[in-house]
Amino acid sequence: MLETSSPVVINTDGLKTKPSASCDSTIERWRVADIVALFELPFSDLMYQAQTVHRANFDANAVQVSTLLSIKTGGCSEDCGYCPQAARYHTEVEDEPLMQLQDVVAAAQEAKANGASRFCMGAAWRGPKQRDLEPVLKMIAEVKAMGLETCATLGMLKDGQAEQLKDAGLDYYNHNLDTAPEYYGDVISTRTYQDRLDTLDRVRSVDINVCSGGIIGMGESRNQRAGLLAQLANMARPPESVPINLLTQVEGTPLHGTESLDHLEFVRTIAAARITMPSSYVRLSAGRQSMPEGIQALCFLAGANSIFYGEKLLTTPNPEASVDKQLFAKLGINQI
Ligand code: SAM
Ligand code: DTB
Ligand code: SF4
């Protein structure tokens with residue numbers, strides 16, 4: 001077992017000690033207590049460690065840019081307490097059926113023209129039915145043929161579906177763990193944590209890159225924020241891409257009215273993700289619309305090196321591309 005000591009001294013590869021395999025799909029690289037100790041460091045020490053790890057593994061001034069498109073909106077059967085697209089909550093989201101192929105291609109062309117390198121297609125499904133998957137496979141193939149990296153987030157996958165996505169040319173599949181296992185049941189009841197891990201295993205088994213992270217600011221404790229990171233960092237292969245979302249509170253959802261999280265705690269979460277997953281892209285995901293430039297700059301300093309780009313996430317606003325271009329110019333960030 002790893003010793004907990006504060007301040008935590010780490011190697012730039014993020015491993016405190018030699019990993020020991022605990023089961024087939026996880027390795028105990030990080031105990032929750034070790035990650036909590038990172039959160040508890042003086043802010044400057046935490047940032048210094050995160051920068052050190054970041055610079056040892058990445059170009060510190062390069063940020064990967066993905067554009068998100070909701071290809072099927074609202075009317076979802078699930079009960080995720082944060083989500084404006086769940087049919088059971090009364091929000092302002094208007095349900096829209098699966099988009100037409102040519103409209104998706106047009107959106108991808110615009111994203112490419114704006115400098116996005118990856119195009120992520122999201123659908124408000126519990127999981128895709130076979131009749132839903134077929135048109136999505138065509139979208140993936142067309143977007144890939146445009147020279148963009150492809151990503152999809154379609155919910156839980158069944159046997160055989162990951163293979164079809166791989167064959168269509170899918171580069172990344174996004175499926176978030178959302179929070180720590182012990183807080184999960186407070187947020188979602190219609191699918192289990194294990195369901196999510198099973199989908200991630202299916203994605204891994206066909207060699208599609210894994211994009212998995214969670215949401216911060218849902219009323220979870222610091223221990224639980226650390227618990228989410230431990231789940232991700234201890235995967236046999238941590239996700240290539242780790243989106244860290246700040247809860248976007250939407251009226252009508254159960255989590256609307258949750259006490260807001262201090263932005264510096266969000267920055268600490270990004271830093272802890274960077275240190276515990278040194279070679280993953282850490283995405284400063286939902287929540288930028290409510291974040292001052294200075295906080296976003298601190299997130300980049302803490303090791304975030306990916307964002308969603310474009311004026312809308314799935315259903316909620318995101319900074320305009322022109323605003324992000326100005327921010328990147330001010331910070332000397334190169335968009336990749
Ligand atoms: N329906 C699919 C699923 O749940 O797997 C794919 C789309 S779903 C909207 C993708 C992710 O967006 C969720 O897992 C959650 O992490 C994030 N998300 C949804 N609503 C959010 C909100 N209000 N604030 C922050 N993140 C949110
Ligand atoms: C992820 O982690 N965040 C994105 C993407 N993956 C699919 C979604 C954020 C959604 C925010 C709420 C909305 O716009 O509906
Ligand atoms: Fe449905 Fe996904 Fe929203 Fe959950 S997060 S309600 S599965 S769209």
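Biologist: Which residue has an N or O atom in its side chain 2.6 Å from an oxygen atom of ligand 2?

Modeller: In this predicted model, 13 residues surround ligand 2, and the closest include Asn 245, Leu 314 and Thr 316. Leu 314 offers a polar backbone atom, 3.0 Å from an oxygen atom of ligand 2. The side-chain N or O atom at 2.6 Å from an oxygen atom of the ligand belongs to Thr 315.

Biologist: How far is the side chain of Asn 174 from a nitrogen atom of ligand 2?

Modeller: The cut-off for a polar contact is 3.5 Å between N or O atoms. An N or O atom in the side chain of Asn 174 pairs with a nitrogen atom of ligand 2, and the distance is 3.1 Å.  The protein buries 88% of the 410 Å² that ligand 2 exposes when taken alone. For the contact asked about, the value is 3.1 Å.

Biologist: How many residues of the shell around ligand 2 are charged?

Modeller: The shell divides into six nonpolar and seven polar residues. Asn 176 and Thr 316 are among the closest residues to ligand 2. The count of charged residues in the shell is no more than its class list gives: none.

Biologist: Which residue puts a polar side-chain atom 2.7 Å from an oxygen atom of ligand 1?

Modeller: Of the 16 residues around ligand 1, those that come nearest include Tyr 82, Thr 153 and Thr 248. Tyr 82 uses a backbone N or O atom, 3.1 Å from a nitrogen atom of ligand 1. Asn 176 has a side-chain N or O atom 2.9 Å from an oxygen atom of the ligand. The polar side-chain atom at 2.7 Å is that of Asp 178.

Biologist: How much of the accessible area of ligand 1 does the protein cover?

Modeller: On its own, ligand 1 has 550 Å² of accessible area. The shell around ligand 1 has eight nonpolar, six polar and two charged residues. The share of the ligand's area that the protein covers is 90%.

Biologist: Where does ligand 3 sit?

Modeller: The residues around ligand 3 include Cys 76, Cys 80, Cys 83, Trp 125 and Arg 191. By class, this shell has seven nonpolar, no polar and two charged residues. The space taken by ligand 1 is the largest cavity, and ligand 2 takes up that cavity as well. Ligand 3 also sits in the largest cavity.

Biologist: What is the volume of the largest cavity?

Modeller: Of the 40 residues that line the largest cavity, those closest to its centre include Tyr 82, Gln 85 and Leu 314. Strands β1 (62-72), β2 (118-123) and β7 (241-246) each give two or more residues to the lining. By class, the lining has 21 nonpolar, 13 polar and six charged residues. The volume is about 840 Å³.

Biologist: What is the volume of the second largest cavity?

Modeller: Two cavities of 30 Å³ or more are counted. The second largest is lined by residues including His 54, Phe 300 and Ile 333, and its lining has six nonpolar, two polar and no charged residues. Its volume is about 30 Å³.

Biologist: Which element gives the largest share of the lining of the largest pocket?

Modeller: The largest pocket holds about 590 Å³ of space, and Leu 68, Glu 311 and Lys 312 are among the residues closest to its centre. Its lining divides into eleven nonpolar, six polar and seven charged residues. Two elements give two or more residues, one of them α3 (101-113). The largest share, four residues, comes from β1.

Terms used
Residues numbered from 1 in each chain as written. Chains lettered and ligands numbered in written order. Predicted model: local features only at pLDDT ≥ 70, side-chain atom pairs only at ≥ 80, totals over all residues. Heavy atoms only, no water. Near = heavy atom within 4 Å. Polar contact = N/O pair within 3.5 Å; in protein donor to acceptor, adjacent residues only side chain to side chain. Areas by Shrake-Rupley, 256 points an atom, 1.4 Å probe, with all protein chains shown as cover. 1 Å grid on protein atoms, 1.4 Å probe; cavity = no way out; pocket = protein on both sides within 12 Å on 5 of 7 lines; lining within 4 Å. Sits in = over half its atoms within 2 Å of the grid points. Nonpolar A, V, L, I, M, F, W, Y, C, P; charged D, E, K, R; others polar. Points joined across faces, edges and corners; volume = space filled by probe spheres on them.
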